[in-house]
Protein chains: 2
Amino acid sequence: MVLARLILGLLSLSPMTGYELKKHFDSSINHFWNADKAQIYRTLAQLVDKGYATVRTVAQSNYPDRQEHHITEAGREVLAQWLAGGAAQSPERDPFMGQVFFAAELEREDIERLLLQRRKNTQYVLDDYLSQREGIDMRAAADRRSFLMAATLDHAIRQQAAELEWLDAVLEHLP
Amino acid sequence: MVLARLILGLLSLSPMTGYELKKHFDSSINHFWNADKAQIYRTLAQLVDKGYATVRTVAQSNYPDRQEHHITEAGREVLAQWLAGGAAQSPERDPFMGQVFFAAELEREDIERLLLQRRKNTQYVLDDYLSQREGIDMRAAADRRSFLMAATLDHAIRQQAAELEWLDAVLEHLP
DNA sequence: CACAGTTAGTTGATTTTGCACCCAACTGGC
DNA sequence: GCCAGTTGGGTGCAAAATCAACTAACTGTG
């Protein structure tokens, strides 16, 4: 599934431990995917099982051994096939929209509270993305890889901004 | 989880069979949630189990019996608690963004193909939403319920529109 | 009159996800 | 000196989601 491809993608950039992968999911990749620790380690094991990655145990003086995972040629092929195999469609699943859809049960103030709370969350997330983008801005246009990576962050920023606009419109016109 | 609440929400509007619920997920609700048939029937069984819904078997002359599910008072309470319990946050999971993130592996033309394919999909989905909206436009502002329901569709439309703009920007500036 | 589609619901197997734990050793701050 | 946090890895379990098939009778179209 998707998680396996994403992990292969990250491994294609650089060999990594499960721990480091988790950090990427929490920071550099958090605007379009997240994953549980346990899930990452299990998927890594599967990748090794299928021959898409290999493990090299690297001892460290102070810290636990690193289980460094390296992508194999077979792994790169699977990754390339995923990329070339057509654009994936998005899940289109938003629990909050479900809350709005059925929010008429609530009092007017409670609806406003709901929307304002979402607004706060969205603003918070947007600010996070904006601060992430500051670090890459200028150098991004240079090579294709950096450009595309930055572009996904821009996508998230646009989506959050659109969400804010929508929230404000709803708050303004709520009967 | 979320699916159970959404089903309760739909049942709160009107008693329904699993089959009818599935139709709602495929049409009126498809812009923010979808669900497998099997999942719907199993969740319905759980709701009945927990006392949040009751079943009434309605015989029909030609077609199979309808297992009409009615929301109970307990069910309405659970629904209300979900709505009042704070804004849910969105999953932030988009496989396509993963493809873009790692697309530098591909040739330039293949990247463009990927983006254009997505553009076509997005346009298609947007057109679907726009045609859905035509049927509700004017009467929407009237009561709160219709307004909120229409608002979630507007949200989806804004998101798709923002996606289109982003795709065009990426296609234009791709190095 | 055959065949596709609709109405209605169900089962089984498998995958994916999430949550809560657990281990061990180190590092930094009060 | 203690306690929280980091580095690194892992297990077990239950819930949720997906895929595929199967039943059965009707309706509409060519």
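A polar contact is a pair of N or O atoms within 3.5 Å; within protein, one atom must be able to donate a hydrogen and the other to accept it, and residues adjacent in sequence count only if both atoms are side-chain atoms. One such pair joins A:Q67 and DNA strand D: a backbone N or O atom of A:Q67 lies 2.3 Å from a phosphate oxygen of the strand.

The model is predicted: local features need pLDDT of at least 70, side-chain atom pairs count only at pLDDT 80 or more, and totals for chains, interfaces and linings use all residues. Residues are numbered from 1 along each chain as its sequence is written, chains are lettered from A and ligands numbered from 1 in the order in which they are written, and side-chain values use heavy atoms, with hydrogens and water left out.

**DNA strand D**

A residue is near a strand if one of its heavy atoms lies within 4 Å of it. There are 24 residues around DNA strand D, and A:K23, A:K37, A:R42, A:Q67 and B:Q39 come nearest. Of the strand D atoms that come within 4 Å of the protein, sugar and phosphate make up 64%. A base is also reached: the side chain of A:R42 places an N or O atom 2.7 Å from a base nitrogen of DNA strand D. Helix 2 (18–26), helix 3 (37–49) and strand 2 (66–71) of chain A, with helix 3 (37–49) of chain B, give two or more residues to this surface. Helices (H or I, at least four residues) and strands (E, at least two) are DSSP runs, numbered from the N terminus. By class, the surface near DNA strand D has nine nonpolar, seven polar and eight charged residues. Here Ala, Val, Leu, Ile, Met, Phe, Trp, Tyr, Cys and Pro are nonpolar, Asp, Glu, Lys and Arg charged, and the others, Gly among them, polar.

**DNA strand C**

Around DNA strand C there are 22 residues; A:Q39, B:K23, B:K37, B:R42 and B:Q67 come nearest. Sugar and phosphate account for 62% of the strand C atoms within 4 Å of the protein. Helix 3 of chain B gives the most to this surface, with four residues. The classes are eight nonpolar, six polar and eight charged. Polar contacts to strand C include these:

| Residue and atom | DNA strand C atom | Distance |
|---|---|---|
| B:K23, side-chain N or O | phosphate oxygen | 2.5 Å |
| B:R42, polar side-chain atom | base nitrogen | 2.8 Å |
| B:Q67, polar backbone atom | phosphate oxygen | 2.3 Å |

**Strands of chain A**

Strand 1 (residues 53–58) and strand 2 of chain A run antiparallel, joined by six bridges. Two strands pair if DSSP finds at least two bridges between them. A:R56 stands opposite A:E68 in strand 2. Five of the six residues of strand 2 of chain A are buried. Buried means under 20% relative accessible area, exposed over 50%, partly exposed in between (1.4 Å probe, protein chains only).

**Aromatic pairs**

The whole structure holds four aromatic pairs over all chains. Rings of Phe, Tyr and Trp (its six-membered ring) pair if their centres lie within 6.5 Å; planes under 30 degrees apart count as stacked, over 60 as edge-to-face and the rest as tilted. A:F32 and B:F101 form a tilted pair, 5.5 Å centre to centre with 50 degrees between the planes. This pair crosses between chains, from the loop between helix 2 and helix 3 of chain A to helix 5 (residues 95–101) of chain B. A:F32 counts as buried because its relative accessibility is 1%. B:F101 is buried at 7%.
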